[in-house]
Amino acid sequence: MTDAPLPAARETIRRVREDPHRLGHRDLHAREAIAGTGHGATGPAHKRVLVGYGFWIFLLSDIVMFACFFAAFAVQRGATAGGPALREIIDVHRVAWETAALLLSSYTCGLSFAATNARKLVATQAFLLITGLLGLVFVGLELSEFIDLAGRGFVPQRSGMLTAFFGLVGLHGLHVTLAGLWLLTMMAQVQVKGFRPEIVHRLICFNLFWHALDIVWIGIFTIVYLLGAAT
Amino acid sequence: MSEPDDALSSGALDAREDHAPGDEPMEDAGHWVRYANLGLGFSVILTVAAFLIPEADILYAPAIPAALLVLAIAQMGVHLVFFLHITTGPDNTNNVLALAFGLLVVFLIVAGSLWIMSHLSHNMMPPAQAVMRMPL
């Protein structure tokens, strides 16, 4: 701190900001309330923090739903009822391509939001489009897997394991499909309405959703596919 | 000038030390691109490792499931930090607390289901034996 006197208002601000109890230290610089975080005397949180938090709560409830499907799969894993074992229905090669597509789409989704923050319309739209196309590749690969399995007679009705398998993987595929529709909606909104605050907030939520779907896919490709093929 | 004053006079903090709901700080694209690159780098390493470990003969076979789970959890952490931007900052305290609660619920659902169902199937004796032992 310099010794130059602060203007009266700033002096007040300095005192307000200071931890009134000054616990642990006498340093003015530390423990400073940061504007927009909703802590202390700096007023309410930024809208984008609140929007992100609200959507985060939704995402966690979605992940809890996925946990129920994971639990069902873990319980039904060995319930083959004379049908195929998990090992026999897994094509690790295709899963590797699916994983690559979804991981790259997560990357381009992050880049699209960087472009959004820089308010670059063309870059935002381009990265969103690539994200959507990679998502389409993922859904297409998964559909081909399901059709392949159904063609061999391995349908959800065949055994408890297949029910849980199609339920868990299919639920994730459904999420990616719906997220793809949301992505198209966001591209149209960005094009027509521009980077208005509420549009940027929706883009934040879309980003969180897409990345959360990739996190769920990590669980699926590890627990269902890789562990299923290894044991 | 010292840091707090710089923060006051720059746009980082509102000079009136008060802001209405909806006021937004400006964000630059730089750290988002860097985070995306880092996230992709770490994720690719962890994913490739996860797909190679079961096929390559480098790990003691019974340890493979544990290794795969560790890699998955590490990659989820990478995604949380670099893609979902979960930090220890004050604007993230609520997110982290919600995440902790979510993890607790997920653990209870998965571990509880496995625990209960394994006991249930353990108690399922072969039918004939069970009937013979059952008191009338």
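**Salt bridges and two buried polar residues**

Over all chains, the count comes to 3 salt bridges in this structure. Please keep in mind as we go that the model is predicted.

Let's start with Arg94(A), which has two acidic partners. Its salt bridge with Asp148(A) has its closest N and O atoms 3.4 Å apart. That pair links distant parts of the chain: Asp148(A) belongs to helix α4 (residues 121-151) of chain A, while Arg94(A) belongs to helix α3 (residues 92-117), and the two are 54 residues apart. Arg94(A) also forms a salt bridge with Asp91(A), and here the closest N and O atoms are 3.8 Å apart.

How accessible are these three side chains? Arg94(A) counts as buried because its relative accessibility is 16%, under the 20% cut-off. Asp91(A), at 32% relative accessibility, counts as partly exposed, and Asp148(A), at 34%, counts as partly exposed too.

The remaining pair is Glu198(A) and Arg196(A), whose side chains meet in a salt bridge with an N to O distance of 2.9 Å. Glu198(A) is partly exposed at 32% relative accessibility, and Arg196(A) is partly exposed at 37%. Stepping back to the earlier residues, salt bridges with shared partners join Asp91(A), Arg94(A) and Asp148(A) into one network.

Now follow helix α4 of chain A to Glu142(A). Is this residue buried or exposed? With a relative accessible area of 4%, Glu142(A) is buried. What does Glu142(A) touch beyond its neighbours within four places in sequence? Its contacts there are Glu98(A), Val169(A), Gly170(A), Gly173(A) and Trp217(A). One of these, Gly173(A), also offers a backbone nitrogen that the side chain of Glu142(A) reaches at 3.5 Å. For a sense of scale, you can look from Glu142(A) to Trp210(A): they are 68 residues apart in sequence, and their C-alpha atoms are 17 Å apart in space.

Our last stop is Gln189(A), found in helix α5 (residues 160-193) of chain A. Gln189(A) has a relative accessible area of 18% and is therefore buried, since buried means under 20%. Not counting residues up to four places away in sequence, Gln189(A) touches Gly194(A), Ile199(A) and Arg202(A).

If you would like to retrace the route on screen, begin at the network of Asp91(A), Arg94(A) and Asp148(A), go on to the salt bridge between Glu198(A) and Arg196(A), and then visit buried Glu142(A) and buried Gln189(A).

How values were computed
Residues numbered from 1 in each chain as written. Chains lettered and ligands numbered in written order. Predicted model: local features only at pLDDT ≥ 70, side-chain atom pairs only at ≥ 80, totals over all residues. Heavy atoms only, no water. Salt bridge = Lys/Arg side-chain N within 4 Å of Asp/Glu carboxyl O. Buried < 20%, exposed > 50% of the residue type's maximum accessible area, 1.4 Å probe, protein only. Helix = DSSP H or I, 4+ residues; strand = E, 2+ residues; numbered from the N terminus. Contact = heavy atoms within 4.5 Å. Polar contact = N/O pair within 3.5 Å; in protein donor to acceptor, adjacent residues only side chain to side chain.
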